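Please open the model in your viewer and keep the sequence panel beside it. The stops below each begin with a selection and then describe what is found there.

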Amino acid sequence: MALRSEAISNAALKDGRQVTIRPLAESDRAALADFGLSLPKDDLLYLEEDFTNPEIIARLANASHAENWRQIVAIADDGSIVAYTSARRVPGWSNHVAELRLIVKPGWRRSGLGMQMAQAIVESARELGAQKVTVAMLAALKAGQAIFSRLGFAVEGQLARHAIDRNGELHDVVIMSAFLRV
């Protein structure tokens, strides 16, 4: 069984703000729900989990101790969640792979927080025993691709018209991956 890191770190962002980066806790349920409700509707498109659904929020908060899943949040000085990331090991013949998710609240983007969260979740995936990590995002999300590229991820493929938005528009999805030393 992989060791679970309960590390908490304080991070200074490029714009001078401070956040605490730590594992999601069951007690974060209300803050996670507020985070989801604060996201622009377009952001919800690239999330597997519907952060506006109370049942999904409960499932995420209750999974804070799941064996093959790590969730990390960034907490602002006011106690609100301003970023969320997760690593989930894939079952079956790909159980050496962890799928990553990352979302940063709009007012906190371009502050270096996305990079710090990406680094934290890659380390958590390593602690899970993952040998490979993947992240899927809309091809239009160049800033997200840049973050993962700086961490050594490469584009593994692009799926044409693979995502559909709330208006019925189709979008390409880019899949990036990196191999980890465990």
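Select arginine 110 to begin, in this predicted model, and you will find the residue in the loop between strand E5 (97–104) and H3. Its backbone deserves a look, since arginine 110 has a positive phi of about 65 degrees although it is not a glycine. Is arginine 110 buried or exposed? With a relative accessibility of 76%, arginine 110 counts as exposed, because that value is over the 50% cut-off.

From that loop, move on into helix H3, which covers residues 113–127, and select serine 124 within it. Here the relative accessible area is 10%, so serine 124 is buried, the cut-off being under 20%. Which residues is serine 124 in contact with, once its neighbours within four places in sequence are left aside? Display Arg70 and Ile72 together with serine 124, for these are the contacts that remain.

Next, go back towards the N terminus and select strand E2, residues 18–23, in which isoleucine 21 lies. Isoleucine 21 has 6% relative accessibility and therefore counts as buried. Add alanine 76 to the selection and draw a distance between the two C-alpha atoms: isoleucine 21 and alanine 76 are 55 residues apart along the chain, while their C-alpha atoms are separated by 9.2 Å.

Now turn to the C-terminal strands, and select E8 (residues 170–179) with strand E6 (residues 132–138), which pair in the antiparallel sense over seven bridges. To find one point of this pairing, pick valine 135, whose bridge partner in E8 is methionine 176. Keep E8 selected and add strand E7 (residues 154–164), which pairs with E8 in the antiparallel sense, again over seven bridges. Within this second pairing, glutamine 158 has valine 174 of E8 as its bridge partner.

How many residues lie between E7 and E8 in the hairpin that they form? There are five, and glycine 168 in the turn has a positive phi of about 85 degrees. While E7 is still on display, select arginine 161, which is found in that strand. Phi of arginine 161 is near 50 degrees, a positive value in a residue other than glycine. Its relative accessibility is 60%, so arginine 161 counts as exposed. As background for looking at side chains here, in a regular strand they alternate between the two faces of the sheet.

Finally, clear the selections and view the whole chain, which has four helices and eight strands. Followed from the N terminus, the elements run β-β-α-α-β-β-β-α-β-α-β-β. The radius of gyration of the chain is 16 Å, close to the 16 Å that the globule rule gives for 182 residues, so the chain is as compact as a globular protein of that length. If you orient the view along the principal axes, the C-alpha trace spans about 40 × 40 × 35 Å.

Colouring by accessibility adds another layer, as buried residues make up 44% of the 182 residues. With a surface displayed, the chain exposes about 9600 Å², of which carbon and sulfur atoms supply 52%. For the charged groups, the mean positions of the 21 positive and 21 negative charges are 5 Å apart. A contact map would close the tour: among contacts with a separation of 6 or more, residues 24 or more positions apart account for 60%.

Methods. Residues are numbered from 1 along each chain as its sequence is written. This is a predicted model: local features need pLDDT of at least 70, side-chain atom pairs count only at pLDDT 80 or more; totals for chains, interfaces and linings use all residues. Side-chain values use heavy atoms; hydrogens and water are left out. Helices (H or I, at least four residues) and strands (E, at least two) are DSSP runs, numbered from the N terminus. The radius of gyration is taken over C-alpha atoms; the globule rule is 2.2 Å times the number of residues to the power 0.38. Buried means under 20% relative accessible area, exposed over 50%, partly exposed in between (1.4 Å probe, protein chains only). Contact means heavy atoms within 4.5 Å. Accessible areas come from the Shrake-Rupley method with a 1.4 Å probe; for residues, only the protein chains shown count as cover. Lys and Arg count as positive and Asp and Glu as negative; His and the chain ends are not counted. The place of a charge is taken as NZ of Lys, CZ of Arg, CG of Asp or CD of Glu. Two strands pair if DSSP finds at least two bridges between them.
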